[in-house]
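Subject: Structure handover, pockets

Hello,

Here is the structure for you to load. My notes on its pockets come after it.

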Amino acid sequence: MNDVQVSEIQYTPRELLACVAARLIKDGESVFVGTGLPLVGALLAHKLYAPNMMAIYECGAVDPEPRVLPWSVSGSWTYHKAPVILSMTSVFGHSRAGYADVGFLGGAQIDMYGNINATVIGDYEHPRVRLTGSGGANDIASLCQRVIFMGLHLPERFPERCDYVTTPGYLDGPGARERTGLPGGGPWRVISHLGVMGFDEATCRMKLISCHPGVTPEVIQQFTGFELLVSDDVVETPKPTVEELRVLREEVDPCQLFVF
């Protein structure tokens, strides 16, 4: 990235996260898009980095051209100029057939092996908090080749093990996905408000890759509920460029529905 193009104007943390998400999408990929920042990141990627990407929405719309930012993945604008509109069952069936490269997910907890909890906080029979459950998250994590998690980075949200595994990551470590017959590649990146994490190939444990501007690895460790592996070449997450901010603010989310 050209330093001259890096923005020196103010940007919000959510704008940075949307830019990070957009840069992780490759041209030509099919992307299972989630509500909120993943949706913003996908639309930004389509405009700047991946003009031939194909967005898949859980509601069944495939590769639409929304005129305005949909408020959710089931919003009516997700169908605008979509060449294909399928049922929810069919879009997940296409994922099972290997047609989904990337999936975006969120959740209440993610653990050291990338497992995600969106079901309960505390004991399952007597939970402190009952959550919404999987929706299509388990299918996306099981079937997509690369899974990207986005969420707040707090110790209780990054525990050593999730209170309940709603969505499989690497389960209990190396070889677990293969033993259970999961076809997808598993968790690939974690984008939090503090940095970007990947997963160690040998141990399948979460590893720090980059810190957002002004954040150190020590700070990120303090906000993580387990020992975070640290890459030998941790870098600073590139700031949003002038062009990224222009497209975000003028074309993708001008009403600041998700990027505020």
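The notes below take the two pockets in turn.

Please keep in mind that this is a predicted model.

Largest pocket

The volume is about 710 Å³ for the largest pocket. Its lining counts 31 residues. Closest to the centre are Thr35, Leu105, Gly106, Gly107 and Met150. Several elements each put two or more residues into this lining. The helices among them are α1 (13–23), α2 (37–48) and α4 (137–143). The strands are β1 (30–33), β5 (102–105) and β10 (146–151). The largest share comes from α1, at three residues. By class, the lining of the largest pocket splits into 15 nonpolar, 13 polar and three charged residues.

Second largest pocket

The second largest pocket holds about 230 Å³ of space. Here 15 residues form the lining. Leu43, His46, Pro64, Glu65 and Pro66 are the closest to the centre of this pocket. Two or more lining residues come from α2 and from α7 (242–252). The top contributor is α2, with four residues. The class split for this lining is nine nonpolar, one polar and five charged.

Across both pockets

Which element gives two or more residues to the lining of the largest pocket and also to that of the second largest pocket? That is α2, which is listed for the largest pocket and again for the second largest. The charged count is three in the lining of the largest pocket and five in that of the second largest.

Best regards

Notes: Residues are numbered from 1 along each chain as its sequence is written. This is a predicted model: local features need pLDDT of at least 70, side-chain atom pairs count only at pLDDT 80 or more; totals for chains, interfaces and linings use all residues. Side-chain values use heavy atoms; hydrogens and water are left out. On a 1 Å grid over the protein atoms alone, a cavity is a set of points where a 1.4 Å probe fits but cannot get out, and a pocket is an open set with protein on both sides within 12 Å along at least five of seven lines; lining residues have an atom within 4 Å of a point. Grid points are joined across faces, edges and corners, and a volume is the space filled by probe spheres set on the points. Ala, Val, Leu, Ile, Met, Phe, Trp, Tyr, Cys and Pro count as nonpolar, Asp, Glu, Lys and Arg as charged, and the others, Gly among them, as polar.
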